[in-house]
Amino acid sequence: MNEHILIVDDSKTVRNLVAFIIKREGYKVTMAEDGLDGLEKLFSADKIDLIISDVNMPRMDGFTFIKQVREQETYKDLPIMVLSTEGRPQDIDLGMKLGANLYMVKPAQPEKMVQNIKMLFGKK
Ligand SMILES: [Mg+2]
């Protein structure tokens, strides 16, 4: 428990909702409001164990963010989950190709999200 999750989403409502859902499970949370902020938090916050990222965001979108994270050797195995309203097959393909481990389309069921996080952490 107490794994540290970075939530990257430009919507404060989504950030707070996702934070509420995962804090309830005992995870520690850091929030970022776009990809650039996400990179800054990833480099400066305490060790991050998993990223949940939106796609559509100002300054730096989620795909660019994921690509930049995966370019760093340190983060090549860091679990990344996309949580986006963009649910077309080509979006999902691109997200996975860039290095996401899982792609969830909004609105996501809280129970399913928690299940997926546990799966990414290798727990039941
Ligand atoms: Mg967005």
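A cavity is a set of grid points where a 1.4 Å probe fits but cannot get out. The model examined here is predicted. It holds one cavity of 30 Å³ or more. The volume of this largest cavity is about 30 Å³. Rolling a probe the size of a water molecule over the atoms shows where empty space is left.

The lining of the largest cavity is made up of Ile7, Val8, Asp9, Val14, Val18, Ile52, Ser53, Asp54 and Leu83. Strand 1, helix 1 and strand 3 are the elements that each give two or more residues to this lining. By class, six lining residues are nonpolar, one is polar and two are charged.

The strands around which these elements are arranged belong to an open sheet. Five strands make up the sheet, in the order 2-1-3-4-5, and their pairing is parallel. Strand 2 (28-32) and strand 5 (102-105) stand at the edges. Each has a single partner strand, so one side of each is left without a neighbour in the sheet. On average, neighbouring strands are turned by 20 degrees against each other, direction ignored. Strands of a sheet pair through backbone hydrogen bonds, either parallel or antiparallel.

One pairing can be followed at residue level. Strand 3 (residues 50-53) pairs with strand 4 (residues 80-84) in the parallel sense, over three bridges. Within this pairing, Ile52 stands opposite Met81 in strand 4. Ile52 is also one of the residues that line the largest cavity.

Two helices lie across the sheet strands. Helix 1 (residues 12-23) lies across strand 1 (4-8), strand 2, strand 3 and strand 4. Its direction is at about 170 degrees to strand 2. Helix 5 (residues 110-120) lies across strand 1, strand 3, strand 4 and strand 5. Helix 5 runs at about 175 degrees to strand 5.

Asn116 gives a local view of helix 5, the element in which this residue has its place. The relative accessible area of Asn116 is 8%. The cut-off for buried is under 20%, so Asn116 counts as buried. Leaving aside neighbours within four places in sequence, Asn116 is in contact with Met81, Leu102 and Met104. Met81 is the residue of strand 4 that Ile52 stands opposite. Met104 lies twelve residues from Asn116 along the chain, and the C-alpha atoms of the two are separated by 9.2 Å.

How values were computed: Residues numbered from 1 in each chain as written. Predicted model: local features only at pLDDT ≥ 70, side-chain atom pairs only at ≥ 80, totals over all residues. Heavy atoms only, no water. Pairing = 2+ DSSP bridges. Helix = DSSP H or I, 4+ residues; strand = E, 2+ residues; numbered from the N terminus. Axes fitted to C-alpha atoms, helices over the stretch in contact; angles between N-to-C directions. Contact = heavy atoms within 4.5 Å. 1 Å grid on protein atoms, 1.4 Å probe; cavity = no way out; pocket = protein on both sides within 12 Å on 5 of 7 lines; lining within 4 Å. Points joined across faces, edges and corners; volume = space filled by probe spheres on them. Nonpolar A, V, L, I, M, F, W, Y, C, P; charged D, E, K, R; others polar. Buried < 20%, exposed > 50% of the residue type's maximum accessible area, 1.4 Å probe, protein only.
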